[in-house]
Structure formats: C-alpha cells, structure tokens
Amino acid sequence: MFEKIDYVIDRIDGDYAYLLRLDRTEEELKCVARALLPPEIMEGSRLAYEMMEYKLTKA
C-alpha cells in the first residue's frame with residue numbers, strides 16, 4: 001500500500017505536472033497538481049512517491 005514508486009516529470013503545463021511511472025512506461029501519464037510537488041521541480045526531474053509524499057531524487 002505504501003510502496004515506493006519512481007516517476008520522471010514528462011512535462012509541466014501551468015499548475016500541473018505530468019508524471020511518467022518508470023516501472024510501467026506503457027501507462028498513461030499521471031497528472032498531479034504542482035502544489036503537491038517540491039517547488040524546485042523541472043521537466044526531467046525524478047521523483048519518488050512514498051508515504052503519500054513526493055520527494056526529489058537523484059538520477
């Protein structure tokens with residue numbers, strides 16, 4: 001239930017970011033409000049979703 005999921009930011013569009021899940025690249029992009037993400041994100045940033053929180057990670 002609280003497994004770690006790795007994402008990369010595919011694109012940013014206004015107040016939303018579209019995330020690509022790295023272990024299931026065939027799935028649709030996940031749309032997430034930027035208010036829920038770290039403020040320093042940019043396209044290509046890697047994120048980890050764990051314990052209901054997004055954190056910036058290193059490549």
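Me: Before we look at Asp23 and Arg21, what is a salt bridge?

Reply: A salt bridge is a side-chain nitrogen of Lys or Arg within 4 Å of a carboxyl oxygen of Asp or Glu. In this predicted model, Asp23 and Arg21 make such a pair, with their closest N and O atoms 2.7 Å apart.

Me: Which residues are linked with Arg21 in a network of salt bridges?

Reply: The network joins Glu3, Arg21 and Asp23. Between the side chains of Glu3 and Arg21, the N to O distance is 3.6 Å. Glu3 sits in the segment before strand 1 and Arg21 in strand 2 (residues 16–21), so this pair ties together parts 18 residues apart in sequence.

Me: Are these partners buried or exposed?

Reply: Buried means under 20% relative accessible area, and exposed means over 50%. Arg21 counts as buried because its value is 12%. Asp23, at 54%, is exposed, while Glu3 is partly exposed at 48%.

Me: How many salt bridges does a search of the whole structure find?

Reply: Five. One of them pairs Glu27 with Arg24, at 3.4 Å between the closest N and O atoms. Glu27 is partly exposed at 37%, and so is Arg24 at 35%.

Me: Now to a polar side chain: where is Ser45, and what does Ser45 contact?

Reply: Ser45 lies in the loop between strand 3 (30–33) and strand 4 (46–50), and is buried at 12% relative accessibility. A polar atom of the Ser45 side chain is 2.9 Å from the backbone oxygen of Met42. Beyond neighbours within four places in sequence, Ser45 touches Tyr7, Val8, Ile9 and Leu56.

Notes
Residues are numbered from 1 along each chain as its sequence is written. This is a predicted model: local features need pLDDT of at least 70, side-chain atom pairs count only at pLDDT 80 or more; totals for chains, interfaces and linings use all residues. Side-chain values use heavy atoms; hydrogens and water are left out. Helices (H or I, at least four residues) and strands (E, at least two) are DSSP runs, numbered from the N terminus. Buried means under 20% relative accessible area, exposed over 50%, partly exposed in between (1.4 Å probe, protein chains only). A polar contact is a pair of N or O atoms within 3.5 Å; within protein, one must be able to donate a hydrogen and the other to accept it, and residues adjacent in sequence count only if both atoms are side-chain atoms. Contact means heavy atoms within 4.5 Å.
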